[in-house]
Amino acid sequence: MKRFINSEKAPKAIGPYSQAVEANGTLYISGQIPVDVTTGKFVEGGVREQAEQVMKNIGYILEEAGYTFKDVVKSTCLLSDMSGFAVMNEVYGEYYKEDCPARAAFAVKDLPMGALVEIETIAVK
């Protein structure tokens, strides 16, 4: 059985997909970009500010679904340029201090709406 998760605190999907879907105790969160729902725009700044907003958006969705960052088992971090990896990694590390999830991180040619950072997440209860 699937349950569709939509948090009013996180940005709405910009295409035909859900913010997150839970199936059999596993939560799949779509890639989050650095949109602040209070403004409907990207946060001001660079990789650090964008990574912080992305992690906040992930947190809002986790919370809506009844999960926490401790339930996260896998992340995929997408960057517009690997030169931003160290900064993204610092921000990411503020949310995962021990028993960190598995992760992949790589650069891609372009991200939606020109984002510098996008992160997708899988959590398990």
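**Exercise 1. Place Pro-16 in this predicted model, and decide whether Pro-16 is buried or exposed.**

Start with the chain: Pro-16 sits in the loop that runs between β1 (2-5) and β2. Next, look at accessibility. The cut-off for exposed is over 50% relative accessible area. Pro-16 comes out at 90%, so it counts as exposed. To get a feel for where that loop is, pick Lys-56 as a reference point: the two residues are 40 apart along the chain, and their C-alpha atoms are separated by 22 Å.

**Exercise 2. Asn-24 and Met-113 each have a positive phi without being glycine. Work out which loops hold them and whether they are buried or exposed.**

Take Asn-24 to begin with. Its phi is near 50 degrees, and it belongs to the loop between β2 (20-23) and β3. With 71% relative accessibility, Asn-24 counts as exposed.

Now Met-113. Here phi is near 60 degrees, and the loop is the one between β7 and β8. Its relative accessible area is 51%, and the cut-off is over 50%, so Met-113 is exposed.

**Exercise 3. Find the buried residues of helix α2 and say why they are on the same side of the helix.**

Step one: α2 spans residues 85-95, and its buried residues are Met-88, Val-91 and Tyr-92. Step two: these residues cover an arc of only 100 degrees around the axis, which is why they end up on the same side of α2. Step three: ask what lies over them. The cover includes α1 (47-65), β6 (72-79), β7 (102-107) and β8 (117-124).

**Exercise 4. Describe the largest nonpolar core and say which element gives the largest share of it.**

A bit of background: in soluble globular proteins, nonpolar side chains tend to be buried together. Here, the largest nonpolar core has 24 residues, and Leu-27, Met-55, Ile-58, Leu-62 and Ile-119 touch the most other members. Two or more residues come from each of β3 (26-32), α1, β6, α2 and β8. The largest share belongs to α1, with 7 residues.

Zoom in on Leu-62. Skipping neighbours within four places in sequence, Leu-62 is in contact with Leu-27, Ile-29, Tyr-67, Thr-68, Phe-69, Val-72 and Ala-123. Apart from this core there is another one of 5 residues, including Ile-33, Val-35, Leu-78 and Leu-111.

**Exercise 5. Gln-50 is part of helix α1. Is it buried or exposed, and what does it touch?**

Buried means under 20% relative accessible area, and Gln-50 has 5%, so it counts as buried. For its contacts, again set aside neighbours within four places in sequence: that leaves Pro-34, Phe-42, Val-43, Ala-115, Leu-116 and Val-117.

**Exercise 6. Give the volume and lining of the largest pocket and of the second largest pocket.**

The largest pocket has a volume of about 210 Å³. Its lining has 15 residues, and those nearest the centre are Pro-11, Lys-12, Ile-14, Ile-33 and Val-35. Sorted by class, the lining gives 9 nonpolar, 4 polar and 2 charged residues. Ile-33 and Val-35 should ring a bell: both also belong to the 5-residue core.

The second largest pocket holds about 160 Å³ of space. Phe-69, Lys-70, Val-72, Tyr-95, Tyr-96, Lys-97, Glu-98, Asp-99 and Pro-101 line it. By class, that lining splits into 5 nonpolar and 4 charged residues, with no polar ones.

How values were computed
Residues are numbered from 1 along each chain as its sequence is written. This is a predicted model: local features need pLDDT of at least 70, side-chain atom pairs count only at pLDDT 80 or more; totals for chains, interfaces and linings use all residues. Side-chain values use heavy atoms; hydrogens and water are left out. On a 1 Å grid over the protein atoms alone, a cavity is a set of points where a 1.4 Å probe fits but cannot get out, and a pocket is an open set with protein on both sides within 12 Å along at least five of seven lines; lining residues have an atom within 4 Å of a point. Grid points are joined across faces, edges and corners, and a volume is the space filled by probe spheres set on the points. Ala, Val, Leu, Ile, Met, Phe, Trp, Tyr, Cys and Pro count as nonpolar, Asp, Glu, Lys and Arg as charged, and the others, Gly among them, as polar. Buried means under 20% relative accessible area, exposed over 50%, partly exposed in between (1.4 Å probe, protein chains only). Helices (H or I, at least four residues) and strands (E, at least two) are DSSP runs, numbered from the N terminus. The arc is that of the directions from the helix axis to the C-beta atoms. Contact means heavy atoms within 4.5 Å. A nonpolar core is a set of buried Ala, Val, Leu, Ile, Met, Phe, Trp, Tyr and Cys residues joined through side-chain atoms within 4.5 Å.
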